[in-house]
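This report describes one structure, shown below. The text goes from a single helix face to the chain as a whole.

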Amino acid sequence: MFDNVNLESEVGINNDDYPDCEIFEAALYDTKTLDELMDEWNAKWTSAQETLGVEVTE
């Protein structure tokens, strides 16, 4: 399930170095804060869960 959500979200956790590069680029060029990046990734992750019908329980 993780792999499917990760692929659908295009966040790329443990798949490539894109998340790291995005963080470094934002810091270098002062384009986004870490909070802004995390908000974007959380929104993508949530959207992927909804698309795939993943129900999150606590």
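## Helix 1

On the side of helix 1 turned away from its buried face sit the exposed residues Asp-3 and Leu-7. The model is a predicted one, and the values in this report are computed from it.

The buried residues of helix 1, which spans residues 2-9, are Val-5, Asn-6 and Ser-9. Viewed down the helix axis, these buried residues fall within an arc of 100 degrees, so they line one face of helix 1. Helix 3 is included in what covers them. After helix 1 comes Glu-10, which has a positive phi, near 65 degrees.

## Nonpolar core

The largest nonpolar core consists of 5 residues: Val-5, Val-11, Trp-41, Trp-45 and Ala-48. Helix 3, residues 34-52, supplies the largest share of this core, with 3 residues. In soluble globular proteins, nonpolar side chains tend to be buried together.

One core member, Ala-48, is in contact with Val-5, Glu-8 and Ser-9, leaving aside neighbours within four places in sequence. Of these contacts, Val-5 is itself listed in the core, and both Val-5 and Ser-9 are among the buried residues of helix 1.

## Aromatic pair

The structure contains 1 aromatic pair. Phe-2 and Trp-45 form this pair, with 5.5 Å from centre to centre and 45 degrees between the planes, and the geometry is tilted. Phe-2 belongs to helix 1 and Trp-45 to helix 3, so the pair ties together parts that are 43 residues apart in sequence.

Is Phe-2 buried, partly exposed or exposed? The relative accessibility of Phe-2 is 39%, and Phe-2 therefore counts as partly exposed. Its partner Trp-45 is a member of the largest nonpolar core.

## Ala-26 in helix 2

Ala-26 is located in helix 2. With a relative accessible area of 4%, Ala-26 is buried, because the cut-off for that class is under 20%. Not counting residues up to four places away in sequence, Ala-26 touches Thr-31, Lys-32 and Leu-37. For one of these, Leu-37, the C-alpha to C-alpha distance from Ala-26 is 8.5 Å, at a separation of 11 residues in sequence.

## Chain as a whole

The protein chain has 3 helices and 0 strands, and its elements run α-α-α from the N terminus on. The C-alpha trace spans about 35 × 20 × 20 Å along its principal axes. Among contacts in the chain with a separation of 6 or more, 49% are between residues 24 or more positions apart.

Of the 58 residues in the protein chain, 22% are buried. The chain exposes about 4700 Å², and carbon and sulfur atoms supply 50% of that area.

## Confidence

What is the mean pLDDT of the protein chain? The mean is 88, and 95% of the residues reach 70 or more. Confidence is lowest in helix 2, residues 18-29, where the mean is 85, and highest in helix 3, where the mean is 94. Ala-26 therefore lies in the helix with the lowest mean confidence, being buried at 4% relative accessible area. Helix 3, with the highest mean, is the helix that gives the core its largest share. Where pLDDT is low, the predicted coordinates should not be read in detail.

Technical notes: Residues numbered from 1 in each chain as written. Predicted model: local features only at pLDDT ≥ 70, side-chain atom pairs only at ≥ 80, totals over all residues. Heavy atoms only, no water. Core = buried A, V, L, I, M, F, W, Y, C linked by side-chain atoms within 4.5 Å. Buried < 20%, exposed > 50% of the residue type's maximum accessible area, 1.4 Å probe, protein only. Helix = DSSP H or I, 4+ residues; strand = E, 2+ residues; numbered from the N terminus. Contact = heavy atoms within 4.5 Å. pLDDT = per-residue confidence, 0-100. Arc of directions from axis to C-beta. Phe/Tyr/Trp six-rings, centres within 6.5 Å; stacked < 30°, edge-to-face > 60°. Areas by Shrake-Rupley, 256 points an atom, 1.4 Å probe, with all protein chains shown as cover.
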